[in-house]
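Please open the structure in your viewer and keep the selection tool at hand, since this tour moves from one selection to the next and says what is there at each stop.

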Amino acid sequence: MEEVYESAHPHIATSYNNLASIYFYLENFSGAIEMTQQAYAILKVALPEGHPNTETAKRNLLFLYQQYGDHLRGLGNYGLAIEQYELVFAETQNGEIANGIGLCYYYLTEYQQAIDYYQEAYDNQGITAPAYWNNTGLAHSKLDQLPQAHKCFSELQKLIPDDGLVYRNWCLYYCLKGETQPALDHLAKAIVLGYDNLDWLQTEPALAHIRDT
């Protein structure tokens, strides 16, 4: 194509976009991103500022960053996922992206950063209220910020009072306070209400002193 058209011709950008589509369906995200970056760079030079084709290329590029971030998060590559998400968030302030960044920071045990991004997500309608209070409360718990965790878990209980997750969280809270019996009572109620995440029960460090009870 470059032998037929000059290197900055829009038709060259179309070829790059076509290659990006192939890479994307092969789940070669880095290849798709590179091709879309090439197309976007060409269109910014070849077309007037704000041209619809250029804006479409930009949206495609941001979409690929998000998809790659989701893919990396699913693989547990949280640091690399954050890098991709940040590229999108810097342009869009998208709440769903902020929530994804918060989740990554949580799993990296960087809990204050997680809280900050959960707040961004909540402010930008990218996380439901129950998820916000649950996730933020858990992060405060990890920081041993029990008054803040108590507030979050109380707000969650107002929203979903009959959900086992609420009482799972109170179990965690009372474990962190060293109050064994209230912890066991709330865990029993969580199970009655359907909470069945055995992995959490077996691995959550705060439950260590009640795990054999």
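Select Glu 204 to begin: in this predicted model its relative accessibility is 8%, and Glu 204 therefore counts as buried. Now add Lys 142 to the selection and display both side chains, which meet in a salt bridge with 3.1 Å from N to O. The pair ties together distant parts of the chain, for Lys 142 belongs to helix H7 while Glu 204 sits in the segment after helix H11 (198-203), 62 residues apart. Lys 142, unlike a buried residue, is partly exposed, with a relative accessible area of 31%. Side chains of opposite charge can pair when their charged atoms come close.

How many salt bridges does the count come to? The count is 4, and two others are worth selecting here. Show Lys 158 together with Glu 155, whose side chains form a salt bridge at 3.2 Å, N to O. These two residues lie 3 residues apart in helix H8, which means that about one helical turn separates Lys 158 from Glu 155. Lys 158 counts as exposed, at 62% relative accessibility, whereas Glu 155 is partly exposed, with a relative accessible area of 23%. Then move to Glu 179 and Lys 177, which form a salt bridge whose closest N and O atoms are 3.5 Å apart. In this pair Glu 179 is partly exposed at 29%, and Lys 177 is likewise partly exposed at 40%.

Return to helix H8 and select residues 146-159, the element with the highest mean pLDDT, 98. H8 has 14 residues, and from its first C-alpha to its last it reaches 20 Å, close to the 20 Å expected at 1.5 Å a residue. Which residues of H8 are buried? Colour Leu 146, Ala 149, Cys 152, Phe 153 and Leu 156, which are the buried residues of H8. If you look down the axis of H8, these buried residues fall within an arc of 120 degrees, so they line one face of the helix. An α-helix has 3.6 residues a turn, so residues three or four places apart point the same way. On the other side of H8, Pro 147, Lys 151 and Lys 158 are exposed. To see what the buried residues of H8 pack against, display helix H7 (129-142) and helix H9 (164-177) alongside.

Next, select Gln 145, which lies in the loop between H7 and H8. At 22% relative accessibility, Gln 145 counts as partly exposed. Leaving aside residues up to four places away in sequence, Gln 145 touches Gln 112, Ile 115 and His 140. A distance drawn from the C-alpha of Gln 145 to that of Leu 176 comes to 10.0 Å, although the two residues are 31 residues apart in sequence.

Now turn to the cysteines, beginning with Cys 171, which at 0% relative accessibility counts as buried. Why does Cys 171 not form a bond with the closest cysteine sulfur? That sulfur belongs to Cys 175 and is 4.2 Å from the sulfur of Cys 171, too far for a bond, since a disulfide needs sulfur atoms within 2.5 Å. The count of disulfides comes to 0. Select Cys 104 as well, which also counts as buried, at 0% relative accessibility.

Two loop residues deserve a look at their backbone. Most residues other than glycine have a negative phi, and most peptide bonds are trans. Glu 27, in the loop between H1 and helix H2 (29-46), has a positive phi near 60 degrees, and it counts as exposed at 55% relative accessibility. Gln 93, in the loop between helix H4 (78-92) and helix H5 (95-107), also has a positive phi, near 55 degrees, and Gln 93 is partly exposed, with a relative accessible area of 39%.

Finally, colour the model by pLDDT. The mean over the protein is 90, and 94% of its residues reach 70 or more. Helix H1 (residues 10-25) has the lowest mean pLDDT among the elements, 73. Over residues 1-6 pLDDT stays under 50, and for these residues the model has 8 contacts beyond four places in sequence.

Terms used: Residues numbered from 1 in each chain as written. Predicted model: local features only at pLDDT ≥ 70, side-chain atom pairs only at ≥ 80, totals over all residues. Heavy atoms only, no water. pLDDT = per-residue confidence, 0-100. Helix = DSSP H or I, 4+ residues; strand = E, 2+ residues; numbered from the N terminus. Contact = heavy atoms within 4.5 Å. Expected span 1.5 Å × (residues − 1). Buried < 20%, exposed > 50% of the residue type's maximum accessible area, 1.4 Å probe, protein only. Arc of directions from axis to C-beta.
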